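Biologist: I have a sequence and a model open on my screen, and I would like a close look at one part of it. Could you pick a helix and walk me through its side chains, with a little of the surroundings for context?

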Amino acid sequence: MASAGRVTNGATKNSAGAKRNMGGGAHWMEVSRPHAIAGEVCGFFAWIWIFYRAKEDLPVVLGMRHPWEHAEDPWQVHDHVDNLDVLENEWEDFNAKATRPGEDDDDDDDDDDDDDDDDDDDDDE
């Protein structure tokens, strides 16, 4: 029986009197060397990601700024198009022509090619 104040190793005895170590005793999980290295690499990148997010979001978390007060985004795309009105007008003209299939249709060219083929057949007879 353990005396008061004595530290035990966590082993207990069941009703049959057998000693049982919780969690498998003193055996530590052993992994192969490649798995240990892979774990270190993944842990490294996880901490890098945590530090990056802390750099970006820590003022919001600490209440130093509001989330809708965004900082300047260095990756923001700034599109500026010269003569935008001219391009829009050209697009509208193209779209109007494209939706009227009866006008300026190439089917006539295909018919001409078919007629040429028929003429060649007539010459052979």
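Modeller: Happy to; what follows is a walk along helix α1, set in the context of the whole chain and ending just beyond the helix. Please keep in mind that this is a predicted model.

Let's start with the whole. The protein has two strands and three helices, and along the sequence they come in the order β-β-α-α-α. Of its 125 residues, 0% count as buried. That figure takes in all residues of the chain, and buried here means under 20% relative accessible area. The accessible surface adds up to about 12300 Å², with 54% of it belonging to carbon and sulfur atoms.

Now to the helix itself. Helix α1 covers residues 33-61, and V41 has its place there. V41 belongs to a nonpolar patch on the surface, together with I37, F44, F45 and I48. Between them, these five side chains' residues offer about 480 Å² of accessible area. How exposed is V41 within this group? V41 has a relative accessible area of 39%, so it is classed as partly exposed. That value also fits the patch rule, because members of a patch need over 30% relative accessible area and no salt bridge.

Two other members of the patch are aromatic neighbours that deserve a look together. A search of the whole structure turns up four aromatic pairs. One of them is F44 with F45: the ring centres are 5.3 Å apart and the planes meet at 70°, so this pair is edge-to-face. The angle decides the label, because planes over 60 degrees apart count as edge-to-face. F44 is partly exposed at 48% relative accessibility, while F45, with 54%, is exposed. The two fall into separate classes because the line for exposed is drawn at over 50%.

Another aromatic pair is formed by W49 and Y52, with ring centres 5.6 Å apart and planes at 35°, so the pair is described as tilted. Why are W49 and Y52 about one helical turn apart? They are separated by that much because they sit three residues apart in helix α1. W49 is exposed, with a relative accessible area of 52%, and Y52 is partly exposed, with 38%.

Next come the charged side chains. The structure holds two salt bridges. In one, R53 pairs with D57, and the closest N and O atoms are 2.6 Å apart. R53 and D57 are four residues apart in helix α1, so about one helical turn lies between them. Both ends of this bridge are partly exposed: R53 has 31% relative accessibility and D57 has 30%. The other bridge joins K55 to E56, with the closest N and O atoms 3.6 Å apart. This distance still qualifies because a salt bridge is counted within 4 Å. K55 is exposed at 60% relative accessible area, whereas E56 is partly exposed at 30%.

Finally, a short step past the helix. N83 lies in the loop between α1 and α2. What is the phi of N83? N83 has a positive phi of about 55°, although it is not a glycine. Most residues other than glycine have a negative phi. The side of N83 open to view is easy to find on your screen, as N83 is exposed, with a relative accessible area of 58%.

Across that loop, helix α2 takes in residues 84-98, and E88 is placed there. E88 joins D85, E90, E92 and D93 in a negative surface patch. E88 itself is partly exposed, at 43% relative accessibility.

To draw the walk together, helix α1 holds V41, a member of the nonpolar surface patch. Helix α1 also holds W49 and Y52, as well as R53 and D57. If you colour your view by residue type, the nonpolar patch of I37, V41, F44, F45 and I48 and the negative patch of D85, E88, E90, E92 and D93 make good landmarks to begin with.

Terms used: Residues numbered from 1 in each chain as written. Predicted model: local features only at pLDDT ≥ 70, side-chain atom pairs only at ≥ 80, totals over all residues. Heavy atoms only, no water. Patch = residues over 30% accessible without salt bridge, like charges linked within 9 Å, V, L, I, M, F, W, Y side chains within 5 Å. Areas by Shrake-Rupley, 256 points an atom, 1.4 Å probe, with all protein chains shown as cover. Buried < 20%, exposed > 50% of the residue type's maximum accessible area, 1.4 Å probe, protein only. Lys, Arg positive; Asp, Glu negative; His and termini not counted. Charge placed at Lys NZ, Arg CZ, Asp CG, Glu CD. Phe/Tyr/Trp six-rings, centres within 6.5 Å; stacked < 30°, edge-to-face > 60°.
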